[in-house]
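Please examine the structure shown below with its sequence at hand. The paragraphs that follow lead through it step by step.

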Amino acid sequence: MTTFKLVATAAMGLEKPVADEVRALGYEPTVENGKVYFEGDETAIARTNLWLRVADRVKIVFGEFRATTFDQLFEGTKALPWEDLLPVDAEFPVAGKSVKSQLGSVRDCQAIVKKAIVERLNGAYGRRGILPETGPLFKLEISMLKDIATLTIDTSGAGLHKRGYRVGQGEAPLKETLAAALVQLTRWTPDRPFHDPFCGSGTLAIEAAMIGQNMAPGYNRDFVSEGWPWMDAKIWEDVRAHAESVADYEVELDITGTDIDHRMIKIAEANAAEAGFAGVIQFKQMQAADFTTDQENGVMASNPPYGERIGEVEEVEEAIRTLGRAMEKFPSWSVYMLSSMENFEDLWGRRATKKRKLFNGFIRTDYYQFWGQRKR
Ligand SMILES: C[S@@+](CC[C@H](N)C(=O)[O-])C[C@H]1O[C@@H](n2cnc3c(N)ncnc32)[C@H](O)[C@@H]1O
């Protein structure tokens, strides 16, 4: 086993939830420049890919050094032991980015890094010329930030939000990783009811069910590092077998989602079925404000429409206003709403207990939290 420096990348504002998840898996995270760093071996690569719900990707930080000239970038890259990880037939595309650095031409940085690695591998494998690149895929990235070159290797492949259950989507589905963060931020536990009154394609309810059943979010997908020769198949078998053994498919869950649009309900049901939650989550076509319950201490979490289209704002405002009124009847429920509407609290009719700034894609939003008075 080797100890790697690893990084879990996260959307802006979600570094803390990702760091919490990394810690919960038994690794010590440090957060820097919006990234969550930790150390771990091959098993850590498999476990974090399988279990991190909120992170975008897990990458190996293979090298970091200062480079203000292409010579420095070339020599720094060539000095790294690429042959330790890349077999002679590795396919290794190099992506790039550059921020506040003298080496501002991303294309040139990519080309230099590629050339340096080819030279290094040819030397290490005692050969010359072009490498075949017919073997396993290693997605590399050269990132220049304030003249520091960082070379990373992606271990995830498709972003970790791709859990494999999304067979259909509405107009503005939440990314699964953000939805998982939104559920976690509510501190919901499976013994409490969970409801999404603007459920769309059902992402929040499905992520809640996964958390409720302690299902690994990556259980039903594969990862690019599964194709690497030194990532023993046994490691993946073991982490998957462990995930299967700790999942609790029998736990009683009260998770519901409603949406005014019946087509969304069909999509949500299809997604939930794909995730293995047919019959576990109840979806129904309904006006948000018609919500009623005889349960106590529930969690309502949602992202209502933001009313971006002309003519839509008033409708959305009315939906929020009436739901705010309706929820006054259920004071033990806690409500969490992700919205970009700055007048949200006025519409809801109450000041939020807490607000948290988050980005939904590029849209700046607040996660409005109205804590309930829990009944014992
Ligand atoms: C931003 S989308 C939610 C997306 C969802 N989180 C997902 O991941 O797919 C908002 C949803 O609210 C629904 N909606 C709009 N007005 C509503 C109302 N008054 N009552 C219930 N649902 C409503 C829309 O049909 C839409 O599906």
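Is arginine 187 buried or exposed? The model considered here is predicted, and in it arginine 187 has 11 other C-beta atoms within 10 Å. A residue counts as exposed if that number is 12 or fewer, and arginine 187 is therefore exposed. Its place in the chain is the loop between helix H5 (176–185) and strand S8 (194–196).

The backbone of arginine 187 also deserves attention. Most residues other than glycine have a negative phi. Arginine 187, however, has a phi near 55 degrees, which is a positive value in a residue other than glycine.

Glutamate 133 presents a further example of a positive phi in a residue other than glycine, with a value near 50 degrees. Glutamate 133 lies in the loop that runs between helix H4 (106–125) and strand S6 (139–145). Around glutamate 133 there are 14 other C-beta atoms within 10 Å. Because this number lies between the limits of 12 or fewer for exposed and 20 or more for buried, glutamate 133 is classed as partly exposed.

A wider view of the chain may now be taken. In an unreviewed entry, UniProt places the feature "domain: THUMP" at residues 44–155. Helix makes up 33% of this span and strand 27%, while the C-alpha atoms at the two ends of residues 44–155 are 11 Å apart.

Finally, the ligand may be considered. It is surrounded by 20 residues, and the closest are Phe198, Gly200, Ser201, Thr203 and Ala288. By character, the shell around the ligand comprises 12 nonpolar, 6 polar and 2 charged residues.

How values were computed: Residues are numbered from 1 along each chain as its sequence is written. This is a predicted model: local features need pLDDT of at least 70, side-chain atom pairs count only at pLDDT 80 or more; totals for chains, interfaces and linings use all residues. UniProt positions are given in the numbering used here, feature names are shortened, and annotations may be inferred rather than shown by experiment. Helices (H or I, at least four residues) and strands (E, at least two) are DSSP runs, numbered from the N terminus. A residue is near a molecule or strand if its C-beta atom, placed from the backbone, lies within 6 Å of it. Ala, Val, Leu, Ile, Met, Phe, Trp, Tyr, Cys and Pro count as nonpolar, Asp, Glu, Lys and Arg as charged, and the others, Gly among them, as polar.
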